[in-house]
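Student: I am new to this structure and would like to learn how to read it one feature at a time. Could we look at it together, with a general idea for each feature and then the case at hand?

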Amino acid sequence: MEQLTKFLSENTHIHYATPQSPDYTELRPGFILNVREVPAMIVRPRSAEDIAGLISVLTANDLPFSVRGGGHDMYGRSQIHEGITIDMREISHVEVEVENLTARVGGGVISMSLLKALEVHGVTTPHSVTPTVGYTGWAIHGGYGLLSATCGMGVDQILGAKVIDARGSIRDADETMLTAIRGGGGAFGVIYELKIKVYALNQVLAGAIIYNPGDLGERIHHFNMKYWELKEEGIPSRLTVYQSVMNGPVGKSLVVLFMWASADTEEGQKWLSRISSWGPVAVNTVTVQSLADFNAITDSMVPKHTYGTMYSLCLHQLTPEVLDVIAEHAPLQPNNPEVIFTAHEVRAEALKPSLTNVFINRIPHFTIEVIPMAASAEKLEENLVWAQKFIAALKSTDPRNFVQSNYPPLTSTNDLDLKMYYGSYYNDLKKIKQQYDPDNVFKHTVIRL
Ligand SMILES: Cc1cc2nc3c(=O)[nH]c(=O)nc-3n(C[C@H](O)[C@H](O)[C@H](O)COP(=O)(O)OP(=O)(O)OC[C@H]3O[C@@H](n4cnc5c(N)ncnc54)[C@H](O)[C@@H]3O)c2cc1C
């Protein structure tokens, strides 16, 4: 620790906080408040050179550290008890090259800031549904979102990366390291900057359709029967329909995020009319708007910090058996506004990797998220009981419908079987880890190889 303190005293532009610092309580919390790990220090580098210096001091002195971007890991894995948090939030630049449809983005930028910066140039890129999620942390593990069906997953956008490696050297990731980063996450170094693809898409037709609560179970069944019919006909890749159950303005109801990712909004309106006819609509906020504006609305639907955790499952289909479980348990969702259930489909361009990567779940599937969140620790206990019963009932459905593994960022480390998840990529990934980080310097990560 002495050497680290010395390094920081020689680099006074690097802000840091210890539990005694006045801003520590503001800097420490991520999205989940019930994270028990209390870091000994939070350090906020501002450049690649700062990170390189830090990694050298930390590794030379055997100090455990983690990397934090947007702080939205649902299991608090970006903080370690009595360790050092490398907090990337001050590295949030966005430099756009419109003519090449690329951008260089700092490793600590959050989706919302990224979209706003891209909008100035008339471009956008796939991003997380919740805008406060760190872009890098989202993209390097896979990255689902409302543009995945149109433009691909987060990993499919990564063209390059500037990384601080295990020796504390700043390097441009070569193809091997890039392949591993695209789905293997932060296990190969600290990502100072990503070079990503951007798309000339100024405006979309997007918003939320909130159906009248009515008989919620019946509503869910009917909606999914209609969705199934649509699937049989073929859903255009420009259209994304993301279903959830939330406690919204009209009570507990089926809330569908609608995204028509095309300038041809007339065609989009036809799809909107069709989907809106699947039940009596209480509120419809779908309108032509920029993605940054739409993001600001979704931002208002999710708390900034919360007590909670998440249970997730990837299923090939929402079979009648699965829908029966959802229709039984979703209506029992506790009434506080933080609790959410979602089911979204991975389809179309999200299944077609355009760059070499190790993101494995490239088969059509639904990701189910049961998210018990609450404003207090006491309230969370009650919500957990509901969520655990719900996920247990889903897990007791036909196992042949389960995708071989769940999505790592949405799965606790104990429940994550990386061999099963990566399948044939697992040994290659281990070899790449051995090549770039033989001493496992980057071990406090979501993907632990
Ligand atoms: C409210 C909410 C909504 C979400 N919505 C979506 C969604 O729509 N789609 C989706 O796919 N996922 C979603 N997620 C999951 C989220 O994408 C992942 O948990 C992601 O890893 C969070 O990134 P972060 O930077 O915000 O989190 P952090 O907790 O800061 O980071 C998580 C991990 O990412 C790695 N990491 C982050 N930045 C860097 C960096 N610069 N260099 C090296 N490693 C880094 C580290 O290993 C770190 O432990 C959501 C999560 C929450 C809580």
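Student: Is Thr-179 buried or exposed, and where along the fold is Thr-179 found?

Tutor: Keep in mind that this is a predicted model, in which every value is computed from the atoms. A residue counts as buried when its relative accessible area is under 20%. Thr-179 has a relative accessible area of 17%, and therefore Thr-179 is buried. Thr-179 is found in helix H7, which covers residues 175–184.

Student: What separates the C-alpha atoms of Thr-179 and Gln-435 in space?

Tutor: Separation along the chain and separation in space are two readings to be taken side by side. Thr-179 and Gln-435 are 256 residues apart along the chain, and their C-alpha atoms are separated by 13 Å. For another pair, Ala-343 and Gln-243 are 100 residues apart in sequence, with 5.6 Å between their C-alpha atoms. In the case of Gly-142 and Ala-17, 125 residues apart along the chain, the C-alpha atoms are separated by 31 Å.

Student: Where do Ala-343 and Gly-142 lie, and are Ala-343 and Gly-142 buried or exposed?

Tutor: The reasoning used for Thr-179 carries over, with buried again meaning under 20% relative accessible area. Ala-343 lies in strand E17, and with a relative accessible area of 2% Ala-343 is buried. Gly-142 lies in the loop between H5 and helix H6, the latter spanning 148–151, and at 0% relative accessibility Gly-142 counts as buried.

Student: Which residues other than glycine have a positive phi here?

Tutor: Phi is a backbone angle, to be read together with the place of the residue in the chain. Among them is Ala-348, with a phi near 50°, whose place is in the loop between strand E17 (340–346) and strand E18 (365–371). Asn-440 also has a positive phi, near 55°, and lies in the segment after helix H14 (426–436). The relative accessible area of Asn-440 is 25%, which falls between the cut-offs of 20% and 50%, so Asn-440 is partly exposed.

Student: Which residues come nearest to the ligand, and which polar atoms lie beside its oxygen atoms?

Tutor: One can begin with the shell of residues and then turn to single atom pairs. Of the 34 residues around the ligand, Gly-69, Gly-71, Ser-78, Gly-134 and Tyr-144 come nearest. A polar side-chain atom of Ser-78 lies 2.6 Å from an oxygen atom of the ligand. Polar backbone atoms take part as well, since one of Gly-70 is 2.8 Å from a ligand oxygen atom and one of His-72 is 2.9 Å from a ligand oxygen atom. The protein covers 96% of the 960 Å² of accessible area that the ligand has on its own, and the space taken by the ligand is the largest cavity.

Student: Which elements supply the shell around the ligand, and what is its make-up by class?

Tutor: Strand E3 (65–68), helix H5 (135–139) and strand E9 (190–197) each supply at least two residues of this shell, and the largest share, 3 residues, comes from H5. By class, the shell has 15 nonpolar, 16 polar and 3 charged residues.

Notes. Residues are numbered from 1 along each chain as its sequence is written. This is a predicted model: local features need pLDDT of at least 70, side-chain atom pairs count only at pLDDT 80 or more; totals for chains, interfaces and linings use all residues. Side-chain values use heavy atoms; hydrogens and water are left out. A residue is near a molecule or strand if one of its heavy atoms lies within 4 Å of it. A polar contact is a pair of N or O atoms within 3.5 Å; within protein, one must be able to donate a hydrogen and the other to accept it, and residues adjacent in sequence count only if both atoms are side-chain atoms. Accessible areas come from the Shrake-Rupley method with a 1.4 Å probe; for residues, only the protein chains shown count as cover. On a 1 Å grid over the protein atoms alone, a cavity is a set of points where a 1.4 Å probe fits but cannot get out, and a pocket is an open set with protein on both sides within 12 Å along at least five of seven lines; lining residues have an atom within 4 Å of a point. A molecule sits in a cavity or pocket if more than half of its atoms lie within 2 Å of its grid points. Helices (H or I, at least four residues) and strands (E, at least two) are DSSP runs, numbered from the N terminus. Ala, Val, Leu, Ile, Met, Phe, Trp, Tyr, Cys and Pro count as nonpolar, Asp, Glu, Lys and Arg as charged, and the others, Gly among them, as polar. Buried means under 20% relative accessible area, exposed over 50%, partly exposed in between (1.4 Å probe, protein chains only).
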